[in-house]
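Ready to find your way around a new protein model? Have the structure open and try each exercise before you read its solution.

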Amino acid sequence: MDKPPVKMMDPTLAEMGNHLSDAMKILESGKLESEQGKERRKLSWKDIPGPLQGDGQDVVSILQLVQNLMHGDDDKQGHRRMQYVGEQGHMALLGHSLAAYISVLERERLRKLTTRILSDTTLWLCRLFRYENGSAYFHEDDREGLVKVCRLAINTHYEDYATEGFTLLSSKHPVIYQSAACRPGLGQHLCSQLGLPLSSLCIVPCNTMFGSLHQMDVALLDKLIRDDRESGKLPLLLIANAGTPGAGHTDKLSRLKELCVQYSMWLHVEGVNLATLVLGQVSSTVTAATKCDSMTLTPGPWLGLPAVPAVTLYRHEDPALSLTAGLTSSQPVEKLRALPLWLSLQYLGHDGIVQRIKHASELSQQLLEHLKTLASIKTSDILDSEVSLIEALRMVEDELNSPVVVFRFSQDNSTPSSGGSVEGYLTGERDILDAFNRWLGEQLAQQVALSGVDVVELEDEGTCVRFSPLMTAAALGTQENDVAALVEKLGEMIPVLSCTLRFRQDFKDEVLQQASLTYIEDQSWPGLGSVRFEPRITDLDEDKRQQRVEKINSDLLKRLMELDTDLYFSDGPEFCEDKNCIFIGMATEDLDVAELVETIVSIGRDIEESGKLFENMTEVVRRGIQEAEQQLLKANEEKLMEEGVLRQIPLVGSVLNWFSPVQSSVKGRTFNLAEGCLDSTEPVYSIKAQMNKEASLDSPKSVTKRFPGQKLFRRHGAGSDSVSDTSSVSQLDESFRETAPVQASDAEEAEVPQERHVHIEEETVLSDQRVPEGQETESVDTLR
């Protein structure tokens, strides 16, 4: 059987595909340019830029330069994961290369090809998203489509706008309505591009009593439209959401469409929930978007297609007005914007497109089901508002079908656990919870990077964590195990957040009881709180005192960071208003707040005393030297009076000392830097004094009792009372490093080298004196 004839491919297209494949391998390899390559690119001419010198560079060198620019800082800032680019992504990238190649075709062939690409892509998108009899406008900026349809609405309502221009608008001002939940800056950008004053923009508040807090208030919108009509204005366009940027809620599109028909307004819809229109089962609230006048789609992030344009689907019967508004173009090159999407849609097929959207929706449902089982996690505001049964059912349906999951940590103050209190905590609770949720979102995004979670600020709820897999899953390759890892990590962090929230007030109360500590009220810090050590100095001016406070708190922070503890100590955020502070991070259930505060005070006082010692060291040493000289002169005079003049003569003194030895009474002196005084060295040669001194050094005044493996600031057993004493300043570092009490047997073994040390020192002292032969061993045995 003969094989079917194989159609030959254009060699240029084949070469283009190979070059794209090679380029992607170079850019994704992560191999940086060698030092030899950098040397070859050094400037040799002063007037010509380096990359342009000579005969030019080859493709590999240019791609290597691009790769270096992409990954050059990875070694310094850590490796950053790039967006996952699959085969469908390669097709989108190939589309940009093909667009440049197709643009050089002869005009007639180019017109036919671009018309075919545009019509095919428009038909496919309208069928996929259930938008019948629609046209498509492809644009790079996802806001550009709204600008074009708004210009189309102006040309429709103002017939002579093309010739008269803005003079027609002075008699009847157009008004554009948008929800308060729309993305920030959208209305301002629209007015700027259209040359309209900001007074033409009307922000419609969201529901305050009934329904979702992120849905447009339809009754209030109706009132605003009637008021504008009565004042001689023209309601022009309404921007609605099928998935708000923050919480992913959908407006009541059916009711909004009725208002737009009633007042002859243009209805434009945008939002991430529009992606679910390709699924077999779609919620009724999102299906209503198919009846709107226009909608903006972003298939790039939904399907994981890089550099794919956004699409605005619209309906209008007059092609001339569409051309005037800029929604269509007579230039064939403009139509080539659809080429990357044309290639990618064919590569994915209907099943591939549906599978990606369905996978993202299933990830959202998986996370939502797990979140509802976690304590202290709030996922919906249904229980916080008084709604009817029908409204509640609609909100439940909207939440269950939304691919956006927004959750927030919220502690229940009515059920505090043991070991902490929540009294007096209601003040500023919103700001503190916002800080905690911001920390939670940042930690989850860092430790479970493939989940794609981020932090979002909502007007009513505050700071929340958002999971929007439709915008991130295709690019990051998020799977079910990533969602499971996210839930697991969240379950580990909830107890930490709850404990820290309870211990904040206890930490504040403990700090306020210490005269040398100042509590810094910073509700934006996610942790126990912040303190400042205040030294006990009053004789310095304000500048020197601030320098002293800065030095002590800086040293205190370093000492705390060196301790063996799980607590996190920091100097605070980068743009913190309070300076010279110590910020303490998250806490656990077994934290001993009292011990923590006492330790901070003890180390701070130790640093303060050490600082005073170094400041007075020069004066102390000078006075010590003077006192030592005086005592030496006095000792020499006493020696002269005791021994006589003859013994000071070198030769005579030796003979006298041989026949009549005399024991010198000159005593040694030691300079104590800590006390700044001279001490006698006589106790050093006294066995009893030596043993007492060794014993006093080995046993600190008070040592915190700890169990094996127990770190600092931890109580033995969650919820149990801690038994800890403040360690002495001189033995603070040593006592903190101990992990278990010293047993009696260990203490006895520790005495052996101690006795040997005393024995050696005693032998050294006795060896200086002349002992008759045979008595030396007896003396040593006596000491033993």
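Below are four short exercises on this predicted model, each with a worked solution.

**Exercise 1: the overall picture**

Work out how many helices and strands the protein has, and what share of its residues is buried.

*Solution.* Start with the secondary structure: there are 29 helices and 17 strands. Next, turn to burial: the protein has 784 residues, and 43% of them count as buried. Then look at the outside, where the accessible surface comes to about 43,900 Å². Carbon and sulfur atoms own 53% of that surface. Finally, check the contacts: among those with a separation of 6 or more, 72% are between residues 24 or more positions apart.

**Exercise 2: a seven-stranded sheet**

Find the strand order of the open seven-stranded sheet, and say which strands stand at its edges.

*Solution.* Step one is to walk across the sheet, which gives β1-β7-β6-β5-β4-β2-β3, with mixed pairing. Step two is to look at the two ends: β1 and β3 (201-204) each have a single partner strand, so one side of each has no neighbour in the sheet. Step three is the twist, which averages 20 degrees from one strand to the next.

Now zoom in on one pairing. Strands β4 (residues 234-241) and β5 (residues 266-270) run in the parallel sense and share five bridges. For N241, the bridge partner in β5 is E270. As a reminder, strands of a sheet pair through backbone hydrogen bonds, either parallel or antiparallel.

Last, see what lies against the sheet: helix α11 (residues 218-230) packs on it and touches β2 (174-179), β3 and β4. The direction of α11 makes about 170 degrees with that of β2.

**Exercise 3: two rings that meet**

Decide whether the ring pair F129 and W302 is stacked, edge-to-face or tilted.

*Solution.* A search of the whole structure turns up five aromatic pairs. In the F129 and W302 pair, the ring centres are 6.1 Å apart and the planes are at 50 degrees, so this pair is tilted. Now place the partners: F129 is in the loop between α6 (107-128) and β1 (135-139), while W302 belongs to helix α14 (residues 299-303). That puts them 173 residues apart, so to speak linking distant parts of the chain. Buried or exposed? Both F129 and W302 are buried.

**Exercise 4: charges over rings**

Which rings have the charged ends of R315 and R502 over them?

*Solution.* Take R315 to begin with: its charged end sits over the ring of Y131, 3.8 Å from the ring centre. Then take R502, whose charged end sits over the ring of F503, 6.0 Å from the centre.

Terms used: Residues are numbered from 1 along each chain as its sequence is written. This is a predicted model: local features need pLDDT of at least 70, side-chain atom pairs count only at pLDDT 80 or more; totals for chains, interfaces and linings use all residues. Side-chain values use heavy atoms; hydrogens and water are left out. Rings of Phe, Tyr and Trp (its six-membered ring) pair if their centres lie within 6.5 Å; planes under 30 degrees apart count as stacked, over 60 as edge-to-face and the rest as tilted. Helices (H or I, at least four residues) and strands (E, at least two) are DSSP runs, numbered from the N terminus. Buried means under 20% relative accessible area, exposed over 50%, partly exposed in between (1.4 Å probe, protein chains only). A charge sits over a ring if NZ of Lys or CZ of Arg is within 6 Å of the ring centre and within 35 degrees of the ring normal. Contact means heavy atoms within 4.5 Å. Accessible areas come from the Shrake-Rupley method with a 1.4 Å probe; for residues, only the protein chains shown count as cover. Two strands pair if DSSP finds at least two bridges between them. Axes are lines fitted to C-alpha atoms, for helices over the stretch in contact, and angles run from 0 to 180 degrees between N-to-C directions.
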